[in-house]
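Reader: Hi! I'm new to looking at protein models, so could we walk through one together?
Author: Happy to, let's put it on the screen.

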Amino acid sequence: MGIQIDVVVDYPVNDEVERVLGLAEAVGEPVTVTFIWEGHKEVEPAVLVPAATLALWEHWAPSAYPTSGAGEENRAAAEEADLAHPAEFGPFTLFRRRVGGRTAVAREGAVVAELLNPDEAHWLQEKARNVRQGFMDPKQKAAFEEFLARQASRDDQ
């Protein structure tokens, strides 16, 4: 993914988080971040994907990210976690979902980005690209078929 930034998150307010969220929104590209939550020793890698980019990926991706396999124990623990109040960072509010591990980032009531697991972000981006590259709209397909029909066969050459 294009941009990589390491972020140390402190509670309750951290200007650096606000700047990273603003950067992702401004550049319109995924931003790879590593969160170190206050009081925890473990780092949490994530990809901050602008809402419009995520909508595009999810439109072209043929199916949802697979939920089975590695990390199942972490996912089960996350689903059982207690609800917490949304975390606020300047004008941005983070809403962590109990299921799926995503965190929605909202500003003034509108979702502007989502934090995804790096594996899920990569999977979505790859699937969307592969499907999109194989897609032809009806006009393009008709023009291509007409082009092929005008080509001489290999036997005639």
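Reader: Which residues in α2 meet α4, and which ones in α4 do they meet?
Author: On the α2 side they are L54, W57, E58 and W60. In α4 their partners are A121, L124, Q125, K127, A128, V131 and R132. A contact here means heavy atoms within 4.5 Å. Helices (H or I, at least four residues) and strands (E, at least two) are DSSP runs, numbered from the N terminus.

Reader: Before we go on, where does the model come from and how are things numbered?
Author: This is a predicted model, where local features need pLDDT of at least 70, side-chain atom pairs count only at pLDDT 80 or more, and totals for chains, interfaces and linings use all residues. Residues are numbered from 1 along each chain as its sequence is written, and side-chain values use heavy atoms, with hydrogens and water left out.

Reader: Thanks! Back to the contact of α2 with α4: how many of its residues are nonpolar, polar and charged?
Author: There are 7 nonpolar, 1 polar and 3 charged residues. For that split, Ala, Val, Leu, Ile, Met, Phe, Trp, Tyr, Cys and Pro count as nonpolar, Asp, Glu, Lys and Arg as charged, and the others, Gly among them, as polar.

Reader: And what angle do α2 and α4 pack at?
Author: About 60 degrees, and their axes are 8 Å apart. The axes are lines fitted to C-alpha atoms, for helices over the stretch in contact, and angles run from 0 to 180 degrees between N-to-C directions.

Reader: Why are α2 and α4 called oblique?
Author: Angles under 35 degrees count as roughly parallel, over 145 as roughly antiparallel, 65 to 115 as roughly perpendicular and the rest as oblique. The angle of α2 and α4 is about 60 degrees, and therefore these two helices are oblique to each other.

Reader: New topic: how many salt bridges are there in the whole structure?
Author: The search finds 5. A salt bridge is a side-chain nitrogen of Lys or Arg within 4 Å of a carboxyl oxygen of Asp or Glu.

Reader: Which residue does R102 pair with at 2.8 Å, N to O?
Author: E58 is one partner, with the side chains meeting at 2.8 Å, N to O. R102 lies in the loop between β5 and β6 (103–107) and E58 in helix α2 (residues 51–60), so this salt bridge ties together parts 44 residues apart in sequence. R102 also forms a salt bridge with E120, with the closest N and O atoms 2.8 Å apart. That second pair links R102 to helix α4 (residues 118–133), where E120 sits, and the two are 18 residues apart.

Reader: What network do these salt bridges make?
Author: Through shared partners, E58, R102, E114 and E120 are joined into one network.

Reader: Is R102 buried or exposed?
Author: R102 is buried, at a relative accessible area of 12%. Buried means under 20% relative accessible area, exposed over 50%, and partly exposed in between (1.4 Å probe, protein chains only). E120 is buried too, at 9%, and E114 counts as buried at 9%, while E58 is partly exposed at 38%.

Reader: Where is E114, and what is it in contact with?
Author: E114 is in strand β7 (residues 110–116). Leaving aside neighbours within four places in sequence, E114 touches V47, L48, V49, L54, R97, R102, T103 and A104.

Reader: What about E44, which residue does its side chain meet in a salt bridge?
Author: That would be R96, at 2.6 Å, N to O. E44 is in strand β3 (residues 44–50) and R96 in strand β5 (residues 92–96), 52 residues apart, which makes this a link between distant parts of the chain. E44 counts as partly exposed at 25% relative accessibility, and R96 counts as partly exposed at 48%.

Reader: Last one: how many helices and strands are in the chain?
Author: There are 5 helices and 7 strands, following the pattern β-α-β-β-α-α-β-β-β-β-α-α along the sequence. Of the chain's 157 residues, 27% count as buried.
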